[in-house]
Each structure stands twice: as structure tokens, then as C-alpha cells.
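Here is a briefing on one protein chain. Please look over the sequence and the model before reading on.

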Amino acid sequence: MYTRHFFFVFVFICLSYSQHALSAATVIKDYKIQGISDELEKNVELYIKQLVDEKTSKALRRHAKSQVEMSLKALGYYKPTIKISFDNAQQLLIVDVERGPVTRIADINVTITGAGKDDAEFMSAVNSIKIKQGDFLNHGKYEAARKRIESQLLELGYFDAKWREHKLAVSLKNNSAKIIFNVDTGPRYQFGVITIGSETPAEKYIRSLAEFKQGQPYKSTEVSDYNLALSSTPYFTSVRVYADIAKRKNNQVPVNVDVLHKPANSYEVGGGFNTDFGPKVRFKWTKPWITEDGHYLESNLNVSEKQQDISMSYTVPVDDPNDDLWRFSVGYKLEDEITNDLYSKIFTGQLQRQWLTEDDWVRTAFLRRDYETYRIGDEEQSAKMLMPGISYAKKDTEGGTTPYEGYQWMVSAEFGLKDMMSSTNILRLQLQNAWLTTFADRHMLFLRANLGAMLVDNINNVPLSLRFYAGGDQSVRGFAYESISPEDEEGRLIGGKYLMSGTVEYNYQFAEHWRAALFVDSGTATNDFSDRVEVGAGFGFRYLTPVGPVRIDHAWGLTKESKSTRLSITIGPEI
């Protein structure tokens with residue numbers, strides 16, 4: 001009796017194990033596509049790879065065939081021969097395709113009626129549609145063309161536009177297709193009145209920052225630019241600008257502006273870490289609205305072990321609080337032993353006039369008064385400088401705090417004269433440029449250059465803060481901050497008349513929030529170009545955060561005798 005019970009238990013266990021093994025063996029683990037290549041193969045693969053880890057069955061075989069047919073039709077192949085089979089103990093899905101004849105565009109008929117037919121900008125978008133007679137049929141391109149027309153209608157204010165017909169007609173008999181786009185654009189609307197949602201002392205600036213006037217043809221990008229301009233002012237915590245399309249009438253669309261003011265006093269506390277200066281604490285106080293004309297006050301405190309920086313500025317807008325203004329600022333900066341035997345303490349005051357050129361360069365004319373005490377080794381000196389100057393800056397990026405495209409320029413010139421309250425005669429010039437681009441989705445190239453020159457009789461009469469140095473996280477990685485410089489007889493770094501540095505960096509994004517980097521930096525600070533150009537190179541990682549990438553680099557000083565390495569950690573975008 002016990003023997004019979006044992007036998008039944010043994011059979012049950014074996015059957016259960018066999019059923020489990022069979023079930024495991026009939027799950028798709030891989031796939032193979034045969035008979036097609038290139039774009040066609042990639043499109044089929046998009047559908048087929050979704051079947052991995054599904055159980056094999058007749059229903060799955062039918063579903064797989066249907067998916068392949070859909071993917072082939074999307075690229076114009078309507079008469080394929082498809083064979084679905086399984087191999088390798090049912091774990092390999094094999095898709096064998098004979099694609100058959102391709103469907104070509106026999107005719108494309110685009111008819112535009114309404115005001116849009118005489119609108120050069122709208123018709124330019126229509127004429128740019130990349131479909132022509134004789135092309136292989138591609139459903140994706142057809143949908144993109146239709147959406148291109150629709151988006152341009154909304155962009156340019158054709159809010160009453162109606163499709164008379166949009167059709168893709170396929171003839172299986174002739175392996176041909178006909179595309180029809182027939183749209184009545186209706187009238188193009190104009191900008192209406194700007195309505196501000198609540199009382200605000202900033203009404204003058206809110207209205208002045210609009211680049212459009214009532215009665216001008218509508219364009220949605222101008223609404224977006226208006227929103228961005230208002231958001232960039234120091235007055236608001238939030239801004240919403242939108243065209244009230246539902247209330248359009250008399251061929252005009254009103255534009256509504258809703259703003260939320262910053263409090264009378266705003267405070268920000270932050271911190272960070274830099275391998276050149278160590279831990280850093282930051283405090284910012286802002287008083288965004290002092291007078292009826294929009295004057296505002298800003299104060300910043302940055303403190304680290306080797307560097308302290310305190311500044312306060314008072315800004316008086318002229319017309320545009322972002323780009324047309326007067327600013328007076330005072331500050332104090334201390335650098336103590338950032339490099340061996342060097343010490344600098346500066347008190348400064350500056351008057352600026354800033355405005356935007358026709359080519360969107362930010363032009364800043366300034367007059368700066370500095371009093372600096374500095375020490376090289378045991379020798380302490382002081383200098384007074386009154387330096388007029390001018391700078392031009394331009395920046396354009398895409399991607400917010402984590403830019404993927406963009407460039408930045410800064411050019412400045414300033415001078416001091418002994419006969420005009422300065423310790424020495426000097427002309428100082430500097431040019432900085434950075435460029436960033438992304439290609440093939442995951443690959444990024446970053447280039448940076450920095451050039452500087454001084455016309456001065458004796459470098460020893462120039463205050464330490466005006467001399468040129470290279471090296472550090474933002475210059476030549478692999479070298480300590482400001483460690484590339486001419487030296488005196490005691491080997492102390494005294495700074496130079498000229499500066500040259502450059503960076504070539506490649507990034508590859510291997511995960512959603514991670515990039516790997518390879519880079520080469522080079523540069524020199526010199527008095528007569530007899531000093532060698534130092535080179536640093538290395539690798540790093542970028543962790544992408546809402547406040548910008550955290551950049552961790554490990555660099556070798558290739559031209560250093562010690563060949564030592566340095567770890568560099570910085571937070572913020574490349575541009």
C-alpha cells in the first residue's frame with residue numbers, strides 16, 4: 001500500500017516538473033529577422049522585440065505575422081510574404097520576410113485656400129514638405145507632413161483653419177499611392193490687447209517687454225519669447241503668458257499675462273564643493289522692488305576655506321530690466337594661499353551701463369575702482385586702479401540647466417593710466433568662447449578657448465588680481481588652480497602678461513542621467529612665450545540633475561614632471 005502511494009507521489013512530481021520545464025522551454029528568448037535589412041529590418045525589429053519573454057502559441061504566431069505586416073506597410077511594402085517559425089526548443093522566434101514590390105508616390109496634391117495661400121512664411125513651410133512624386137511610400141513622412149501643416153497653422157494664428165481633405169490613398173493593384181492635402185486656412189489673426197491679470201507696480205515693464213504690438217500678425221513664438229523675457233526679470237516668482245484663443249474676435253486674439261510677485265525680501269542659502277577651494281557656502285539676499293521705477297537690490301556672499309567673496313549691487317532699469325539698465329556695485333574679495341605664498345585682498349566699486357545691441361550682444365560699459373593689497377612670499381604691496389572698460393557678451397543655449405546645444409562669447413577691454421588715479425599704465429584684453437553640440441542623440445562635443453593679453457611696462461607693478469594664470473577645474477585640468485604661471489627667482493608663481501588655454505571634450509550619454517567624458521586641456525600663462533604649453537587629459541562622468549550636471553573628472557598633468565593626477569568635482573553646465 002505504501003509502495004503504491006509512493007509511486008503516485010513520484011509520478012505527480014515528475015509530471016509537475018515536466019510541465020514546468022515545458023513551460024519554461026516555450027518562452028521566446030530571442031528573435032532573428034531574415035530576408036530584409038537596413039531601415040526595413042529596424043522597423044520590423046521595433047515590433048518583434050516586444051514579443052520576447054512571451055509564450056509561444058498559435059495566437060502569438062498570428063500576432064507576430066500581423067505586427068510584421070504593419071511594420072512593412074508603414075514603409076510602403078503591402079504585398080510581403082511572411083513566414084513565422086520557432087527554433088532552438090521553441091525559444092528562438094524566426095521571421096522570414098520576402099518584402100515584395102514597394103509602393104511609390106504617384107501623385108501629391110496640395111491645395112491651400114484662404115489667407116494662408118498668400119502668406120510667404122506659411123507657404124514656405126508647406127513647400128518644405130519632404131515628399132515628392134516617385135518616392136517610396138512612408139506613412140511616417142505622410143503623418144509628419146500633415147502635422148507640419150497643422151503646427152504652422154497654429155504658429156501663425158490661423159485658428160479657424162479647416163481640413164477639406166487629407167488622405168493617403170493606396171492602389172494595391174498598381175503599387176502606387178496618392179496623397180491629398182486640402183486645407184482652408186481661413187483668416188490670419190492679429191495680436192489683440194495685452195491684459196494683465198492683477199494689479200502690479202511692474203505694469204510698465206510688463207508691457208515694454210512685449211516685442212509685438214496690437215494689430216500685428218500673430219505668431220506663437222513671440223508669445224513664448226515674451227513669457228521668457230518676463231521670467232528673466234528679477235520681479236516675479238512665476239509668469240504665465242498665453243493667447244486667449246477662445247475669446248478671439250474681430251480677427252484679433254487677446255494676450256493674457258498672469259504674474260506672481262516675489263516677496264519684498266527673498267533669501268537663498270546654498271552650498272557646493274570645488275576641488276580647488278573645498279566646501280563652499282552661498283547666501284543671497286534680494287529686494288526685487290524698491291521704487292515705483294523698479295529699482296532692485298541684490299547681495300551675494302560666497303565663503304570657502306581659501307576664498308571669500310562679498311558683493312552688493314543696486315540696479316536701475318531704463319526700459320528693459322533685463323538688458324537696459326544702470327548698476328552700481330561694491331565688493332570685497334579675499335584669496336589666501338590658494339597657491340603657495342600668495343595672498344590678495346581687494347575692495348572694489350563699479351558703475352555699469354548695460355544695454356542690448358541690434359545683434360543681441362549684451363554691451364556693458366563700466367568704470368571700476370579697485371584697492372588691492374597683495375603679498376607674494378614675504379613682500380606685501382598695494383595698488384590703486386581706476387579702470388574704464390567695455391565688454392560684449394552673447395550666449396545662446398538649448399536645454400535649460402543641462403544644455404545640449406549652444407555657444408557663448410565674451411570680449412572685454414579695459415585700461416588704467418598713472419595720470420588717472422592708477423598705480424600703473426595698463427591695457428588689458430580678454431576673449432572667451434565656448435561651443436557645445438550634440439549629434440546622433442547620445443554624443444556631445446564641447447570646445448572652449450580663453451585668450452588674454454596685457455600691454456604693460458613691468459608685470460611687477462600690476463595688481464595680482466589682474467595678472468593671468470592658468471590651471472584648475474575651469475582651465476587646464478590635471479593642474480592645480482592658477483598653478484600655471486611664470487615664476488620669480490624663488491620659484492613663486494607671479495602671474496603673466498599673456499594667457500592661452502583651450503579644451504576639447506567628448507561626452508557619451510550611456511544612461512538616462514549619466515554621461516561619460518574624455519577630454520584634453522592645454523594652456524599657458526607667460527610673459528614672453530618662452531614658457532611651455534602645459535597639457536592635461538583624462539576621463540570623467542556627468543550626473544545630470546535639475547540644477548545642472550555634476551561633473552567628476554580624473555585628469556593627468558601630462559607635461560608635469562611628477563605626472564601626478566587630480567580629481568575635479570564641479571556642479572553646473574558647461575556653458
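The notes below cover two annotated spans, two helices, the nonpolar cores and a few single residues.

This is a predicted model: local features need pLDDT of at least 70, side-chain atom pairs count only at pLDDT 80 or more, and totals for chains, interfaces and linings use all residues. Residues are numbered from 1 along each chain as its sequence is written, and side-chain values use heavy atoms, with hydrogens and water left out. Helices (H or I, at least four residues) and strands (E, at least two) are DSSP runs, numbered from the N terminus.

**Annotated spans**

- UniProt positions are given in the numbering used here, feature names are shortened, and annotations may be inferred rather than shown by experiment.
- An unreviewed UniProt entry places "domain: TamA POTRA" at residues 31–98. That span is 40% helix and 26% strand, and its end C-alpha atoms lie 17 Å apart.
- The UniProt annotation "domain: POTRA", also from an unreviewed entry, covers residues 109–186. Here the chain is 32% helix and 31% strand, with the end C-alpha atoms 19 Å apart.

**Helix α4 (120–127)**

- Phe-122, Met-123, Ala-125 and Val-126 are buried in α4. Buried means under 20% relative accessible area, exposed over 50%, and partly exposed in between (1.4 Å probe, protein chains only).
- Seen down the axis of α4, the buried residues fall within an arc of 155°, so they line one face of the helix. The arc is that of the directions from the helix axis to the C-beta atoms.
- Ala-120 and Asn-127 are exposed on the other side of α4.
- Cover for the buried residues of α4 includes β4 (104–113) and α5. Covering rests on contact, meaning heavy atoms within 4.5 Å.
- Asp-119 caps the N-terminal end of α4, with a side-chain oxygen 3.0 Å from the backbone nitrogen of Glu-121. A polar contact is a pair of N or O atoms within 3.5 Å; within protein, one must be able to donate a hydrogen and the other to accept it, and residues adjacent in sequence count only if both atoms are side-chain atoms.

**Helix α5 (139–155)**

- α5 has 17 residues and reaches 24 Å from its first C-alpha to its last, close to the 24 Å expected at 1.5 Å a residue. The expected span is 1.5 Å times one less than the number of residues.
- Its buried residues are Tyr-142, Ala-145, Arg-146, Ile-149, Gln-152, Leu-153 and Glu-155.
- Their cover includes α4, β5 (162–171), β6 (176–184) and α7 (220–231).
- Asn-138 caps the N-terminal end of α5: one of its side-chain oxygens lies 2.8 Å from the backbone nitrogen of Gly-140.
- Gly-157 follows α5 and has a positive phi, near 85°.

**Nonpolar cores**

- A nonpolar core is a set of buried Ala, Val, Leu, Ile, Met, Phe, Trp, Tyr and Cys residues joined through side-chain atoms within 4.5 Å.
- The largest core has 26 residues, of which Ile-206, Tyr-226, Leu-230, Phe-236, Val-241 and Val-257 touch the most other members.
- At least two residues of this core come from each of β7 (190–196), α6 (203–208), α7, β8 (236–243) and β9 (252–261).
- Leaving aside neighbours within four places in sequence, Val-241 is in contact with Val-223, Tyr-226, Asn-227, Leu-230, Val-255, Asn-256 and Val-257.
- Apart from the largest core lies another, of 20 residues, including Ile-36, Val-44, Ile-48 and Leu-93.

**Asp-184 and Asn-322**

- Asp-184 sits in strand β6. Its side chain makes a polar contact with the side chain of Arg-164 at 3.0 Å.
- Not counting residues up to four places away in sequence, Asp-184 touches Thr-113, Gly-114, Asp-160, Ala-161, Lys-162 and Arg-164.
- Asn-322 is in the loop between β13 (307–317) and β14 (325–336). Asn-322 is buried, at 17% relative accessible area.
- A polar atom of the Asn-322 side chain lies 3.2 Å from the backbone nitrogen of Thr-233.

**Positive phi outside glycine**

- Met-421 has a phi near 65°. It lies in the loop between β18 (405–416) and β19 (426–439), and is exposed at 53% relative accessible area.
- Glu-482 has a phi near 55°. It lies in the loop between β20 (443–455) and β21 (498–511), and is buried at 19% relative accessible area.
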